[in-house]
Number of protein chains: 2
Amino acid sequence: MIDQHHADSTVSVTVVGFGAMGVPMATRLANSGLTVHVVDPSAEARARADDLGLDAFTVVNESPTCDLVLVLVATGQQLLDAATAATTGRSVRGETWIVSSTVGPNAVRDAAKILRSGGAAVIDAPVTGGVPGAENGTLRFLAAASKAEIDSASKLFAPLGSVVVVGDQVGDGQATKLVNQLCSSVHLAAAAEAVALASRLGLDPSRTVEVISGGSGASWFFDERGPRMARVGDSPDVLTRLAILAKDNSLVEVEADAHQAYVPLLKAAKRQYERAAELGLLEEDDSQLIHAYFD
Amino acid sequence: MIDQHHADSTVSVTVVGFGAMGVPMATRLANSGLTVHVVDPSAEARARADDLGLDAFTVVNESPTCDLVLVLVATGQQLLDAATAATTGRSVRGETWIVSSTVGPNAVRDAAKILRSGGAAVIDAPVTGGVPGAENGTLRFLAAASKAEIDSASKLFAPLGSVVVVGDQVGDGQATKLVNQLCSSVHLAAAAEAVALASRLGLDPSRTVEVISGGSGASWFFDERGPRMARVGDSPDVLTRLAILAKDNSLVEVEADAHQAYVPLLKAAKRQYERAAELGLLEEDDSQLIHAYFD
């Protein structure tokens, strides 16, 4: 998977979190000639990194100081733990940390304080595009930092996708991603609700999805997930785990409540993710939210 | 507006309802060479028809029997009234009625019974595309009828847009449109909720809309209405009245409840249309639903 002939070792990157997104992103970075280290507490993930010829570490303070650190952890606490471990266990001076996890504005601001105190720069850069975007190098980074900081990470961004500058303050990227995820989590539930209604009205759900897709009733999620929802009874391959949108939905709710934002549709969608959890669907393809509307 | 040189009078059409959609549709039909009659109870609407050189009648039983009758009324009751008046006041034999109002499956099925008993054919063909689609001839008719019936109205459909066949039973067109309107009414509210959240999080709403548009968080409504929502404080021209989506939202709810369909997001959106009504926003551009999130 890694094409060693391209390696020129001029830029070194530590990828923190070697999961569904980390594996394809680290692979693309290594193939584009960067020296890539991997940090993951899971022995299985580290074995996979070994197989790919990438140096792997259990915790970030064991990894060498690099030019760039790409953070792909699951939660805000994991981000803070990594920032604390790095600044107390080794030097972060001269490193630029790119936080591409969706963890909310407060977590990335807190982590930035810790990292900057150790001499690192921080780019708040959550992504949209999911695993397919990571595999194909078509992610969109919603980046917030100074122009100089964003430019300093261009060799990391280029092989992974495109950068959309959404602000110059750390936190603006996360905030923008939360707004995107409000839409996404509501649209996924709306798609399931619409496909279920089509069934109840006696329509052919697949034909109905086909007709509505791309028109005035459509959303990116309706068009992408609708066809799999309409094949009710199928068990599709897991392209994106339902747990991801359920997690993001909860994260948006916490931030919205903290800012006294009125988010009734988000909260109505949340109840459907809770139903899906009760039905044991969170590790299924996210199109399977449709079952929350039938069961 | 009407180009009389094209008129060859081979096909006659009665347009029932000369409002925001009826005016541009009747104009296009007349310009494509059809003989067009207009029916509208409003003296103002009839005067406008006169100005355009179209024969205008107060009620449908005063109008002559035509080849095609295009129904663009606002409610199911108005459709039933028109069907009853036509079948009791004059002959409908040989006419094909194209019901393009959004009135729900039951109303169009009841009207079809009445009209068929008088010898008319019925095509259930609600439209998407709104006033811009009517003006530009880019409407999409979600048509349900036999192929022969749909073919018999091709001279009406051609100048107005495209036909998507969604079923062969009267009612299937309305049902498909309801599913589309579930998505539309939820997506409009989700867009308002997202833009309001962007403001609360301290982001520039216009920039946030720009970044999210066209990506994984987008919907047709987000992309189209979002920019106008983001200019909070502006009073945009009324492109589509908020009352239209509010009416369709209620219509979907009635049908969903009748079929015991679970539609929690639709109901959450409904509350926002009710807030908008309380705020006196229903005659405003539908992007102004944003105020339900701030006021």
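A polar contact is a pair of N or O atoms within 3.5 Å; within protein, one of the two must be able to donate a hydrogen and the other to accept it. The exercises below apply this and related criteria to a predicted model.

**Exercise 1. Describe the surroundings of H187(A) and identify its polar partner in chain B.**

Solution.
Step 1. Locate the residue: H187(A) belongs to helix 8 of chain A.
Step 2. Assess its exposure. The relative accessibility of H187(A) is 1%, and the limit for a buried residue is under 20%, so H187(A) counts as buried.
Step 3. List the contacts beyond four places in sequence. Within chain A, H187(A) is in contact with S219(A) and F221(A); in chain B, its contacts are H187(B), A190(B), G217(B), A218(B) and S219(B).
Step 4. Find the polar partner. The side chain of H187(A) reaches the backbone oxygen of G217(B) at 3.5 Å.

**Exercise 2. Determine how much area chain A and chain B bury between them, and which residues of chain A lose the most area.**

Solution.
Step 1. Take the participants: the contact involves 55 residues from chain A and 55 residues from chain B.
Step 2. Take the area. About 4,700 Å² is buried between the two chains, and 66% of this lies on carbon and sulfur atoms.
Step 3. Name the residues. On the side of chain A, the most area is lost by S216(A), Y262(A) and L265(A), which together make up 15% of what that side buries.

**Exercise 3. Classify the ring pair formed by Y262(A) and Y293(B), and state where each residue lies.**

Solution.
Step 1. Set the pair in context: over all chains, the structure holds 6 aromatic pairs.
Step 2. Apply the geometry. The ring centres of Y262(A) and Y293(B) are 5.4 Å apart and the planes stand at 50 degrees, so the pair is tilted.
Step 3. Place the partners. The pair crosses between chains: Y262(A) is in the loop between helix 11 (242–258) and helix 12 (264–278) of chain A, and Y293(B) is in the segment after helix 12 (264–278) of chain B.
Step 4. Assess exposure. Y262(A) has a relative accessible area of 28% and is therefore partly exposed. Y293(B), at 3%, counts as buried.
Step 5. Add the charged groups. The charged end of R275(B) sits over the ring of Y262(A), 4.4 Å from the ring centre. Likewise, the charged end of R275(A) sits over the ring of Y262(B), 4.4 Å from its centre.

**Exercise 4. Explain why the buried residues of helix 9 of chain B lie on the same side, and state what covers them.**

Solution.
Step 1. Identify the residues. In helix 9 (residues 205–212) of chain B, the buried residues are P205(B), T208(B), V209(B), V211(B) and I212(B).
Step 2. Examine their directions. These residues cover an arc of only 165 degrees around the axis, which puts them on the same side of helix 9 of chain B.
Step 3. Recall the general rule. An α-helix has 3.6 residues a turn, so residues three or four places apart point the same way.
Step 4. Find the cover. From chain A it includes strand 8 (139–144), strand 9 (161–167) and helix 8 (172–200); from chain B it includes helix 8 (172–200) and helix 10 (220–230).
Step 5. Inspect the ends. At the start of helix 9 of chain B, a side-chain oxygen of D204(B) reaches to within 3.1 Å of the backbone nitrogen of S206(B). After the helix comes G214(B), with a positive phi near 80 degrees.

**Exercise 5. State what is notable in the phi of Q260(A), and whether this residue is buried or exposed.**

Solution.
Step 1. Recall the general rule: most residues other than glycine have a negative phi.
Step 2. Read the angle. Phi of Q260(A) is positive, near 50 degrees, and the residue is not a glycine.
Step 3. Place the residue: Q260(A) lies in the loop between helix 11 and helix 12 of chain A.
Step 4. Assess exposure. Q260(A) counts as exposed because its relative accessibility is 69%.
Step 5. Check chain B. Q260(B), also not a glycine, has a positive phi of about 50 degrees, and its relative accessible area of 70% makes it exposed.

**Exercise 6. Find which residues are in contact with A189(B), leaving aside neighbours within four places in sequence.**

Solution.
Step 1. Locate the residue: A189(B) is in helix 8 of chain B.
Step 2. Assess exposure: at 0% relative accessibility, A189(B) counts as buried.
Step 3. List the contacts. They are L265(A) from chain A, and A269(B), Y273(B), L289(B) and Y293(B) from chain B.

How values were computed: Residues numbered from 1 in each chain as written. Chains lettered and ligands numbered in written order. Heavy atoms only, no water. Buried < 20%, exposed > 50% of the residue type's maximum accessible area, 1.4 Å probe, protein only. Helix = DSSP H or I, 4+ residues; strand = E, 2+ residues; numbered from the N terminus. Arc of directions from axis to C-beta. Contact = heavy atoms within 4.5 Å. Phe/Tyr/Trp six-rings, centres within 6.5 Å; stacked < 30°, edge-to-face > 60°. Lys NZ or Arg CZ within 6 Å of the ring centre and 35° of its normal. Buried area = accessible area lost by both parts, 1.4 Å probe.
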